[in-house]
Amino acid sequence: MNPDVIVVGSGLAGLVATHELAKAGKKVLVLDQENRNNLGGQAFWSLGGLFLVDSPEQRRLGIKDSYELALQDWLGSAAFDREREDTWPRRWAQAYVEWAAGGKRQYLHDLGLRVLPLVGWAERGDGRADGHGNSVPRFHLTWGTGPEVVRVFAEPVLGAEQRGLVEFGFRHRVDELVVEDGAVVGVRGAVLEPCDDLERGKASSREVVGEFEHRAAAVVVASGGVGHNHELIRKYWPTERLGKCPETLISGVPAHVDGRMLGISETAGASVVNRDRMWNYTEGIVNWDPIWPDHAIRILAGPSSLWFDATGRRLPAPNYPSFDTNGSLKAILASGYDYSWLVLTQTIIEKEFALSGSEQNPDITSKDVKLALRSRLAKGAPGPVEAFKQHGVDFVVASTLRELVDGMNRIARGPAVDHDVLEKQIVARDRELGNKYGKDLQLAAVEHARRYVGDRITRVAKPHRILDPAHGPLIAVRLNILTRKTLGGLETNLDSQVVRPDGSVLPGLYAAGEVAGFGGGGVHGYNALEGTFLGGCVFSGRAAGLALARSL
Ligand SMILES: Cc1cc2nc3c(=O)[nH]c(=O)nc-3n(C[C@H](O)[C@H](O)[C@H](O)COP(=O)(O)OP(=O)(O)OC[C@H]3O[C@@H](n4cnc5c(N)ncnc54)[C@H](O)[C@@H]3O)c2cc1C
């Protein structure tokens, strides 16, 4: 094939760019270091949560949302403060929120994607109206989760492959961008040993069996972030902002999320910005049934569990589960240790624990309505949560607090938690339950959340005493820091063209998805509102595809 465009990466961003290009009749060569089984990259494993603003689903639930409110939330979260590096991210942020409040839902709907009627309330914020967080629920779960997000783009792209418009080069690892006369004109790299039968997500061999060079009018880099590259994460970790980098990091993304293309693009003349901005989660548990090395799962916990640092001190307000990811990370690391504890009851786990990842939500992923109703509304925790409770190394289950603390201290990586200190704090919180009001801000947040029908039905347990045996057994979960998203990256203009450090366009080079900080080199700024990553891949991949379709 004599391609018009080479796309590096067959994850979501690469698929979207390819889809737009093929729609416009352009010939595309898609190169990926992994095998065909990995088509769709990280998006396949994702929960498929999508940030939408003023959607019909929100309106049906009585949620009043608007572009203005969403932009206020976005800018409050992003906290852009860098004159040079935040120039494009600021513009991307405005354009992206406009799209989330405008054409995004229809674009995805036209491709066949549907969302669930109940809207989730992720990242509820730091308590300031103009600060970080979602003022209202905006997390729309895809019916079919990540695999469905992939399907709606993969199907037309595979159709274009059959028509000869798209060609894939799997196990083709790009090691260099070819630059001539100041423009990117192609790619060079290594052909890796074939592994057709290796299952999706498994780490693959890096044995080189050949080399390649391909040329085209433009190259779109869509190679993902740095999430599995702990070396790069440690190198750029923002110690002054968040505290010392954790000694123990577990990986929320597959091994192919290696961040190599950032350095390779930089060598070719690209500007990489905001490398110190990352989105790593505080609620990581070790997967008892791993797919990739160090496989970590994120607990999406509702607001009721009590959260203690490694020394057994309750995290200060408003560090409640799912409120303020970076704020909580800072509070945890301030203890001098890199893990923390959730303490909860069986009643809370049943209603409030969800796990992020398509494979952890088989009912929604397989679009099985009956299974979904049974597992979400029936008594007991959903199957995958129960499996972690039984097999996960981070879980302690006990009928008394004394036994619970003994169990916690058996798996603690730091100081022993003192039973009496923990008990005093839990009893104090439990005493606040006597009235419908009180001064415990977490209980106020729980009452507040239950005023939203979506939370009351599926997400937030009725307040009860943690030490009430009727709600037992007691559960403690050791939470580790889980690596996931890269918020900085290749600096791009609104057409996804990569720019040089002097701000001029680097001809021939485009970037989309996580490698471009989901647009501009960091559309999220310092903090994300959740469900914004898949959408960021779609928005920036689409921008690259449309711009190239116009210009070629
Ligand atoms: C468990 C999980 C849950 C998530 N849940 C959500 C959610 O609910 N909502 C949300 O918005 N986001 C979510 N995300 C994040 C989202 O899925 C990712 O940010 C997004 O899919 C990244 O897509 P991408 O195309 O930019 O990169 P990737 O999916 O990483 O794809 C990049 C591709 O490039 C290839 N590649 C890399 N380097 C090279 C090279 N040198 N040569 C050739 N090929 C190369 C890789 O092999 C890979 O296939 C989740 C992620 C995970 C892992």
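How many bridges join strand β1 to β10, and in which sense, parallel or antiparallel, do the two strands run? In this predicted model, strand β1 (residues 5-8) and β10 are joined by 4 bridges and run parallel. The briefing below begins with the protein as a whole, then follows β10 and its partners, and ends with a helix and the surroundings of the ligand.

**Overall build**

- The protein has 20 helices and 22 strands, and its radius of gyration is 23 Å, close to the 24 Å that the globule rule gives for 552 residues, so the protein is as compact as a globular protein of that length.
- Taken along the principal axes, the box filled by the C-alpha atoms of the protein is roughly 70 × 50 × 45 Å.
- Of the 552 residues, 55% count as buried, and among the contacts with a separation of 6 or more, 76% are made by residues 24 or more positions apart.

**Strand β10 and its parallel partners**

- On the β1 side, I6 is the bridge partner of V219 in β10.
- Strand β10 (residues 218-221) also pairs with β22 in the parallel sense, over 3 bridges, and in this pairing V221 stands opposite A511 of β22.
- Both faces of β10 are covered, since A218 and V220 on one side are buried, as are V219 and V221 on the other.

**Strand β22 and the hairpin with β21**

- Strand β22 (residues 505-511) has 5 of its 7 residues buried, so this strand is largely enclosed by the rest of the structure.
- Besides its parallel pairing with β10, β22 is joined by 2 bridges to strand β21 (residues 497-499), and these two strands run antiparallel.
- V499 of β21 stands opposite V505 in β22, and the two strands form a hairpin with 5 residues between them, where G503 in the turn has a positive phi of about 95°.

**Helix α18**

- Which residues of helix α18 (residues 441-449) are buried? Q442, V446 and A449 are buried there, and, seen down the helix axis, the buried residues of α18 fall within an arc of 65°, so they line one face of the helix.
- As background to that pattern, an α-helix has 3.6 residues a turn, so residues three or four places apart point the same way.
- The cover over the buried residues of α18 includes α19 (453-458).

**Surroundings of the ligand**

- Which residues come nearest to the ligand? Of the 42 residues around the ligand, the nearest are G9, G11, G41, G224 and G513.
- Elements that give two or more residues to the shell around the ligand are α1 (12-23), β2 (28-32), α2 (42-45), β7 (172-180), α10 (260-267) and α20 (533-551), and α20 gives the most, with 4 residues.
- By class, this shell is made up of 21 polar, 15 nonpolar and 6 charged residues.

**G263 in helix α10**

- Is G263, which is found in helix α10, buried or exposed? G263 has 12 other C-beta atoms within 10 Å, and because a residue counts as exposed with 12 or fewer such neighbours, G263 is exposed.
- From C-alpha to C-alpha, G263 and S328 are 30 Å apart in space, and they are 65 residues apart in sequence.

How values were computed. Residues are numbered from 1 along each chain as its sequence is written. This is a predicted model: local features need pLDDT of at least 70, side-chain atom pairs count only at pLDDT 80 or more; totals for chains, interfaces and linings use all residues. A residue is buried if 20 or more other C-beta atoms lie within 10 Å of its own, exposed if 12 or fewer, and partly exposed in between; C-beta atoms are placed from the backbone. Two strands pair if DSSP finds at least two bridges between them. The radius of gyration is taken over C-alpha atoms; the globule rule is 2.2 Å times the number of residues to the power 0.38. Two residues are in contact if their C-beta atoms, placed from the backbone, lie within 7 Å. The arc is that of the directions from the helix axis to the C-beta atoms. A residue is near a molecule or strand if its C-beta atom, placed from the backbone, lies within 6 Å of it. Ala, Val, Leu, Ile, Met, Phe, Trp, Tyr, Cys and Pro count as nonpolar, Asp, Glu, Lys and Arg as charged, and the others, Gly among them, as polar.
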